[in-house]
Amino acid sequence: MDSFWEEARVRKVEAEQMRALDPDLLTFTNVNTPPEWEKALVLLSQG
């Protein structure tokens, strides 16, 4: 997995820049655990 980063193009974006498009900063919501997944499903169902 580490070799991936050598080829990845990365750009840092500040939270305030993201808020213009995503006021609640939900774009990068973690879904690593079952509770996070359930919360994401609820958010998705709300449109």
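## Salt bridges

Glu16 sits out in the open: its relative accessible area is 59%, so it counts as exposed. In this predicted model, Glu16 pairs up with Arg19 in a salt bridge, and the closest N and O atoms are 3.1 Å apart. Both partners belong to helix α2 (residues 15–19), where they are 3 residues apart, or about one turn of the helix. Arg19 comes in at 34% relative accessibility and is therefore partly exposed.

The salt-bridge count comes to 2. Besides the pair in helix α2, there's a contact between the side chains of Lys12 and Glu14, at 3.7 Å from N to O. Lys12 is exposed, with 70% relative accessible area, while Glu14 is partly exposed at 43%.

## A nonpolar patch

Now for the surface. Met1, Phe4, Trp5 and Val10 make up a nonpolar patch there, and together they offer about 540 Å² of accessible area. Trp5, one of the patch members, is part of helix α1, which covers residues 2–7. Its relative accessibility is 53%, and since the cut-off for exposed is over 50%, Trp5 counts as exposed.

## The largest pocket

What volume does the largest pocket have? The figure is about 180 Å³. Its lining brings together Leu26, Thr29, Ala40, Leu43, Leu44, Gln46 and Gly47.

If you're thinking about the chemistry of that lining, its residues split into 4 nonpolar and 3 polar, with no charged ones. Gly47 is part of this lining, and Gly goes with the polar group in this scheme.

Technical notes:
Residues numbered from 1 in each chain as written. Predicted model: local features only at pLDDT ≥ 70, side-chain atom pairs only at ≥ 80, totals over all residues. Heavy atoms only, no water. 1 Å grid on protein atoms, 1.4 Å probe; cavity = no way out; pocket = protein on both sides within 12 Å on 5 of 7 lines; lining within 4 Å. Points joined across faces, edges and corners; volume = space filled by probe spheres on them. Patch = residues over 30% accessible without salt bridge, like charges linked within 9 Å, V, L, I, M, F, W, Y side chains within 5 Å. Areas by Shrake-Rupley, 256 points an atom, 1.4 Å probe, with all protein chains shown as cover. Salt bridge = Lys/Arg side-chain N within 4 Å of Asp/Glu carboxyl O. Helix = DSSP H or I, 4+ residues; strand = E, 2+ residues; numbered from the N terminus. Buried < 20%, exposed > 50% of the residue type's maximum accessible area, 1.4 Å probe, protein only.
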